[in-house]
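Biologist: Please take a close look at one part of this model, the place where the two chains meet, and then set it in the context of the chains themselves. A connected account would serve me best.

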Amino acid sequence: MAMAETSRKGRRRSPLFGIAKKTGSTLLTIAVTMLGLLFVTFFIGRVMPVDPVLSIVGERATAEQHQAVFLELGLDKPLITQFLIYLGDVVQGDFGKSLRTGFPVWDDVTRVFPATMELATLGTLIGVFLGVPLGVLAAVKRGTWIDQIARVVALIGYSMPVFWLAIMGLMIFYGKLGWVSGPGRVDIFFEDIVPNVTGMILIDSIIARDWTIFWNAVSHIILPASLLGYYSLAYISRMTRSFMLEQLSAEYITTARVKGMSEWAVVWKHAFGNIKVPLITVIALSYAGLLEGSVLTEIIFSWPGIGKYITISLLSADMNAVMGGTVVVGLVFVLLNIFAELLYKFFDPRAK
Amino acid sequence: MNALRSTIFSTAVILAAGVSFAPAIAATPGNMLIIAAQIDDITTLDPAQSFEFSGSDVNRNLYSKLVGFDPANLDAGYIPALAESWTVSEDGKTITFTMREGVTFESGNPVTAQDVEWSLRRVITLNKTPSFILSQFGFTPENVGETIVADGNTISITTDKRYATSFVLNCLTATVGSIIDSQTAMANEVDGDLANEWLRTHSAGSGAYTLGNWKPNESVTLNANNDFFRGAPAMQRVIVRNIQESATQRLLLENGDIDVARNLNPEDVAGVSAVDGIAVDSELRGRLMYISMNQKNEILSNPKVVEALKYLIDYEGMQNSFLNGQYTIHQAFLPATYLGAIDDTPFSLDIEKAKALLAEAGYPDGFEIGIVVREAQERIEIAQSIQNTFGQAGITVNIQVGTGKQILGIYRAREHDIYVGAWGPDYPDPNTNAGTFAFNPDNSDEAGATGLLAWRNAWSIPEMSDATLAAVVENDRDTRAAMYEAIQREHQETSPFAVMFQKIEQTGRQENVQGLSLGGAITAVSYWNVTK
């Protein structure tokens, strides 16, 4: 708001001022989005017919013990007061304590989010590096057996329940073939050996130059990441194909071909060049989706990620934990959106 | 292409189900015990507050108590632990324990009578949920100065009246009876919390193990305490990893990545028992499965209806189908192996008899009733089986499924009709269950005795409550057992509880793992006798 007023008064507009204004309005968007998100999550959480006090004191507590914790949590106050208190704490960076784990929510979230991030990033990379070429190929070879195979691959990716594929994947590649390691991020007796720097074990083990643990972590992550990568591949390849088809039927492509351009240049330079912007949106959305954490994948692979954390917290009415997790996921969404917007400008001069 | 390959492989393996590749068996390190279990119920490891199954499993290995159980011989009952011996005063109210010499905490500090005094008083002062296990003997924050007193190397405990000595000692074997290193703990006290926050994530005991670390929902790591007074444990490290899925636990076990899998479902138990090198153990646990009928409901408050419903449960059918191997029929409120436990099973499915009883009660055409149940598979299946058999007598059952916390909220507020419940004993004395199934001195809403199952079901039983009280003060073991037997027989007949099953825990382990005791029905797991 303050920024807007200044701009009305200011006569000269330096480029620097433009950037400041843009940054200001972006920050404002983030703030409003996050406030809305907090508000909605908070009230949904409070109207759920679950007693958060029971999570703390347990089933056998007496009425007095129950009441003591009820008051300690401030649950006797009106909802709006509770929300304002919570908001005040959040602004100061205090997300409260998780009722279920007893740890500060921030500690919990910074422990579980890197695990999801590691998995989601690898999954998205697999999805992009396989999905985009597959989509382009399917569009170029439209109607051929290549297109058909691409369609079947994507269809299976869309329609197979993730838990089924996960369990089958484990049974085959871990149980029968022994090509990969099983559930968990590293073998159990390798845990807590490399110092925790980023929380992402692949990176931490590189920092520590512990190659045994690095390769062990690789053998653990490869299966769940491929699985998530497969789902993201299915989506990305279908979207790429349809974007490409649209471009390939455009007149400028015919013109380019008539001018004698090589097929490679027509496809990759002209057609693909034009689908970069919508493709970025698709990839960003798919990445954001994976960053929310895939609950079932995380449960089956015993992957201590944020999806599982939020879900279990929700089931035990641990609203502090749910809110903290939601804020992080929300923030990631918003940031990815902004990043995607910046990329548009890079790839498409018109967007400036 | 990766994806394509995985699909082809899945299909190929399903088609060629008989073909098996030789699994590359990895082995866990020889001095490490690695366990897969569901441990996401742990909220704290402070012995004065911890009250969940998984928390008890951890604490039993971190802390010693005045008296304890020998994992190799649970039937022997409590034996001396940190206390070497004890005497009971003539009026039966004071027990004086003499401390074992030469025992140290993990910090190296000696275990003294002062530490016992501090630890037990602390339970009463903090007044967390499990504190009732000790405060039921009349200890209050105000009187602990006189009732729990250290003197040299002895510690005296004075109860408000005479209780069966076995009752008091049994309670001291519970997690709240853990003896904490008071010096170390107090050095970590914050804002007068008696180290409640620090002990949540740290250990300061004299048990077989010390706490390496606890990552909520992920794992608990224990390191051996080689100065343990019963001898250094063979397993130098124990890691319990939180694995939710039975199928995942089974895969890990079959691949040799874990030594023990604690939450295998019946299909997976059947699967692993066929595998070479894997053994399955069955151990009877203390948990009971029951249904209860709220006496605030007019229909259910009719004794004939209650009796009829007890004949409308297919105990055998459930035991032999979806509960196979996991539960065994048990119809009294004391788990088998407890003092005074009875194995009478007066009820079985008898539709005709139930119909006759319902007609007598004035409901020849049945009625409509609700069952609340938490979303745990076996409990939902029990509710469905009951829905089916009740239906055969014309009773329409509406099942309401919710999360554990939701359903418990309804139950504690006495708003249910019928509740499908599980109950695990809190300490290894018959009063633990008698005091909740057969004790409800004040049935009014104002009493708010939400901890008592009889109160939750609005069952008013002044006389039975007196009988339960009388049993806790009876010092003759056989007489005491007989009193509980009598209470249970009456309870079976008249109570709005239909106790149905007792839990059997099936554990899959590598054959080389020996000496693991889960604690039977009376206590928690212990790792210090394990070898492999």
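**The helix pair across the chain contact**

Modeller: Five residues of H8(A), namely Ile167(A), Leu170(A), Met171(A), Tyr174(A) and Gly175(A), meet Ala247(B), Leu251(B) and Glu254(B) of H9(B). The model is a predicted one, and everything that follows is to be read in that light. Sorted by class, the residues of this contact of H8(A) with H9(B) comprise 6 nonpolar, 1 polar and 1 charged. The helix on the side of chain A, H8(A), covers residues 162-176, and its axis comes within 11 Å of the axis of H9(B), at a crossing angle of roughly 0°. Angles under 35 degrees count as roughly parallel, and H8(A) and H9(B) are therefore roughly parallel to each other.

This helix pair belongs to a wider contact between the chains, to which chain B contributes 49 residues and chain A contributes 51 residues. On the side of chain B that touches chain A, the elements that each supply at least two residues are helix H1 (2-15), strand E1 (32-37), strand E10 (237-242), helix H9 (246-254) and helix H15 (404-412) of chain B. H9(B), the partner of H8(A), is thus one of these elements. The most residues on that side come from H1(B), which gives 8. By class, the side of chain B that touches chain A holds 19 nonpolar, 21 polar and 9 charged residues.

Turning to chain B as a whole, its secondary structure amounts to 19 helices and 17 strands. The radius of gyration of chain B is 25 Å, close to the 24 Å that the globule rule gives for 532 residues, so chain B is as compact as a globular protein of that length. Along the principal axes, the C-alpha atoms of chain B fill a box of roughly 75 × 70 × 45 Å.

Chain B is divided into domain 1, residues 33-234, and domain 2, residues 284-504. The centres of domain 1 of chain B and domain 2 of chain B, taken over C-alpha atoms, are separated by 32 Å. Their contact takes 13 residues from domain 1 of chain B and 11 residues from domain 2 of chain B. On the side of domain 1 of chain B that touches domain 2 of chain B, helix H6 (residues 165-172) of chain B gives the most, with 5 residues. That side of domain 1 of chain B divides by class into 6 nonpolar, 5 polar and 2 charged residues.

Chain A also has two assigned domains: domain 1 spans 2-91 and domain 2 spans 105-351. The C-alpha centres of domain 1 of chain A and domain 2 of chain A lie 30 Å apart, and the contact takes 14 residues from domain 1 of chain A and 12 residues from domain 2 of chain A. Helix H2 (15-47) and helix H3 (52-57) of chain A are the elements that give two or more residues to the side of domain 1 of chain A that touches domain 2 of chain A. Of these, H2(A) gives the most, with 9 residues. By class, this side of domain 1 of chain A has 8 nonpolar, 5 polar and 1 charged residues.

Two further helix pairs of chain A may be set beside the pair across the chain contact. Helix H6 (residues 105-140) and helix H15 (residues 319-347) of chain A pack at an angle of about 50°, with their axes 9 Å apart. That angle makes H6(A) oblique to H15(A), and the crossing of H6(A) with H15(A) is right-handed. From H6(A), the residues Val105(A), Trp106(A), Asp108(A), Val109(A) and Phe113(A) meet Asn320(A), Ala321(A), Gly324(A), Gly325(A) and Val328(A) of H15(A). By class, this contact of H6(A) with H15(A) has 6 nonpolar, 3 polar and 1 charged residues.

In the other pair, helix H11 (residues 251-258) and helix H12 (residues 263-291) of chain A pack at an angle of about 145°, with axes 11 Å apart. The crossing of H11(A) and H12(A) is right-handed. Tyr252(A), Ile253(A), Ala256(A) and Arg257(A) in H11(A) meet Val266(A), His270(A) and Ala271(A) in H12(A), and the residues of this contact divide into 5 nonpolar, 1 polar and 1 charged.

Methods. Residues numbered from 1 in each chain as written. Chains lettered and ligands numbered in written order. Predicted model: local features only at pLDDT ≥ 70, side-chain atom pairs only at ≥ 80, totals over all residues. Domains from an automatic or database assignment. Contact = placed C-beta atoms within 7 Å. Helix = DSSP H or I, 4+ residues; strand = E, 2+ residues; numbered from the N terminus. Nonpolar A, V, L, I, M, F, W, Y, C, P; charged D, E, K, R; others polar. Axes fitted to C-alpha atoms, helices over the stretch in contact; angles between N-to-C directions. Left-handed = near helix turned anticlockwise from the far one by under 90°. Parallel < 35°, antiparallel > 145°, perpendicular 65-115°, else oblique. Rg over C-alpha atoms; globule rule 2.2 N^0.38 Å.
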